[in-house]
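Me: Please take a close look at a single part of this model, namely one small sheet and the helices beside it. I would like a connected account of how these elements are arranged and how they relate to the ligand.

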Amino acid sequence: MTQHAVVIAGGGPTGLMLAGELALAGIDVAIVERRVNQELIGTRSRGLHARTIEVLDQRGIAERFLSQGQPAQVAGFHMIRLDISDFPTRHPYGLALGQNHFERILAGWVAELGVKIYREREVIGFTQDDAGVDVQLSNDQRMRAEYLVGCDGGRSVVRKTAGIDFPGWDATTSWLIAEVQVTEEPPWGFKRDARGMHALGKVENSSRMGLVIEQPTGLADEPTLRDVSEALVAVYGTDFGAHSPTWISRFTDMTRQAAAYRSGRVLLAGDAAHVHPPIGGQGLNIGVQDAVNLGWKLAQVVKQTSPDALLDTYHAERHPVAARVLRISMAQMGLRRTDDRTKALGDIVAELLKMDSPRRHMAAEMSGLGVHYDLGEGHPLLGRRVPDLDLTTASGPLGVFTLLHKARPVLLNLGKPGSVDITPWADRVQLIDASYSGKWELPALGVVLAPTALLVRPDGYVAWAGERAQAGLVEALTRWFGNPSRLRRSETALSAAKG
Ligand SMILES: Cc1cc2nc3c(=O)[nH]c(=O)nc-3n(C[C@H](O)[C@H](O)[C@H](O)COP(=O)(O)OP(=O)(O)OC[C@H]3O[C@@H](n4cnc5c(N)ncnc54)[C@H](O)[C@@H]3O)c2cc1C
């Protein structure tokens with residue numbers, strides 16, 4: 001039977017990112033993917049939010065994506081642009097970049113890291129025991145892994161087989177989307193009628209038409225050209241001679257979230273763990289960030305430098321983030337209603353979002369820069385993203401994100417050089433003496449007190465911030481990066497047993 005430490009079901013954006021994170025940490029990881037290659041049928045995510053760009057920057061690969069897309073102000077709420085150009089980040093913008101390009105570039109990185117992708121086969125089931133998971137594939141192949149991660153999208157077989165509930169809200173509306181050739185010039189742009197909001201757009205550098213037609217729920221899951229023609233006639237009185245579709249698809253506003261992101265040795269990430277309408281453009285972004293939260297934790301558990309309870313922090317941190325995204329997308333769906341009362345509510349929301357403080361608050365949410373994991377009381381940086389500050393070190397200038405390229409944690413000593421000692425963790429945490437004289441400013445929060453030391457996790461979130469003394473540092477190192485003496489004791493016991 002084929003064996004890997006970690007098997008990932010699904011090589012979409014989330015599965016690819018997770019595979020990259022695990023491979024960076026030296027874990028034997030493989031992806032099982034249904035698709036023959038990374039090509040996507042149809043259109044999905046149109047871009048990245050600022051925090052996703054930062055996350056890629058933390059791994060030294062942001063430029064690959066930036067060079068292929070168009071930086072733009074993409075954060076918004078209720079169709080109101082939320083400009084983040086004044087936010088304290090190296091990337092105060094989003095990136096217009098289609099999901100097909102995103103996946104292609106990410107797959108290139110994953111290939112460089114040597115991840116094995118088993119294509120044209122599906123995970124169809126699994127059983128787990130105390131030591132691992134037996135994964136069944138559609139081609140009669142079986143695989144053995146210490147952990148299985150379901151990154152297999154909204155209809156996740158892994159989630160269903162694990163028996164994890166997927167509570168939420170059924171669809172209230174659906175959209176037929178397609179790309180077709182036309183023989184008549186359509187009226188490009190948006191149209192609203194009693195059925196909802198529709199759009200016709202010219203596909204760049206081609207004679208094709210992209211269309212989005214809002215329809216009731218309960219229609220064919222796999223629509224045909226005939227469905228497209230009928231939908232166009234119903235809204236525009238003609239189908240513009242639609243023919244030769246490149247693809248036809250449908251999506252809805254169904255909104256659901258897995259009740260648990262973990263069941264023993266099986267975990268869920270991305271759309272397998274949460275689905276919501278694409279309004280606000282969050283799905284791919286939070287999937288990638290799920291992967292970055294889970295990757296280093298799973299790597300440490302596989303390497304046995306941390307107990308497997310560390311994996312429970314993945315649900316504790318990421319479930320609330322997606323729950324919030326789901327609520328925000330439901331709020332935006334509510335504001336789309338066209339009755340006078342909802343319009344009045346929308347006008348008030350628009351007024352509020354023109355004011356600086358609400359704009360900053362919502363923009364921090366929508367860009368992902370405001371994510372705050374609840375790691376307890378303490379310095380405002382605790383549980384928040386570390387800013388990519390320009391540090392000065394004995395060997396020259398250094399950006400904080402550069403220290404995260406290999407996905408290793410770092411203790412930044414910003415006080416007297418040599419004043420911090422983390423010898424027991426020296427093999428797993430980098431210790432950097434540095435100085436920084438600028439402001440410490442966080443999106444939406446503003447300027448915060450400069451810390452004298454920071455413990456930064458591989459995902460770029462602050463695990464501990466020292467103000468003057470080092471109180472709590474040993475506890476934070478132990479909590480996040482394991483107890484080296486306990487490991488040494490078990491190694492000694494093991495070699496004594498072997499001897
Ligand atoms: C119309 C539309 C517009 C969108 N716009 C945006 C946007 O602007 N911004 C944004 O952030 N998000 C957007 N999204 C959401 C985004 O596309 C998803 O959130 C994202 O693709 C989730 O990535 P994933 O890797 O978790 O899942 P998926 O992309 O669904 O990937 C799952 C992968 O698993 C494979 N797979 C499935 N089952 C199995 C199995 N049993 N065995 C093996 N392989 C399997 C699939 O082939 C696929 O490659 C949009 C979605 C839609 C439909």
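Reply: In this predicted model, strand 18, residues 255–257, pairs with strand 21 in the antiparallel sense over two bridges. One residue pair can be named here: Gln257 has His274 of strand 21 as its bridge partner. Both strands belong to an open sheet of three strands, ordered 12-18-21, with antiparallel pairing. Strand 12 (168–169) and strand 21 (274–275) are the edge strands; each has a single partner strand, so one side of each lacks a neighbour in the sheet.

Helix 8 lies across strand 18 and strand 21, and runs at about 170° to strand 18. A further partner of helix 8 (residues 312–335) is helix 7 (residues 283–302): their axes come within 10 Å and cross at roughly 170°. Because this angle is over 145 degrees, helix 7 is roughly antiparallel to helix 8. Helix 7 contributes Ile286, Asp290, Asn293, Leu294 and Lys297 to the contact, while helix 8 contributes Thr313, Tyr314, Glu317, Arg318, Val321, Ala322 and Val325. Sorted by class, these comprise six nonpolar, two polar and four charged residues.

Helix 7 also leads to the ligand. There are 33 residues around the ligand, and Gly10, Gly12, Gly153, Gly270 and Gly283 come nearest. Two or more residues of this shell come from each of helix 1 (13–24), strand 2 (29–33) and helix 7. Helix 7 gives the most, with four residues. By class, the shell divides into 15 polar, ten nonpolar and eight charged residues.

Note on methods: Residues numbered from 1 in each chain as written. Predicted model: local features only at pLDDT ≥ 70, side-chain atom pairs only at ≥ 80, totals over all residues. Axes fitted to C-alpha atoms, helices over the stretch in contact; angles between N-to-C directions. Parallel < 35°, antiparallel > 145°, perpendicular 65-115°, else oblique. Contact = placed C-beta atoms within 7 Å. Nonpolar A, V, L, I, M, F, W, Y, C, P; charged D, E, K, R; others polar. Pairing = 2+ DSSP bridges. Near = placed C-beta within 6 Å.
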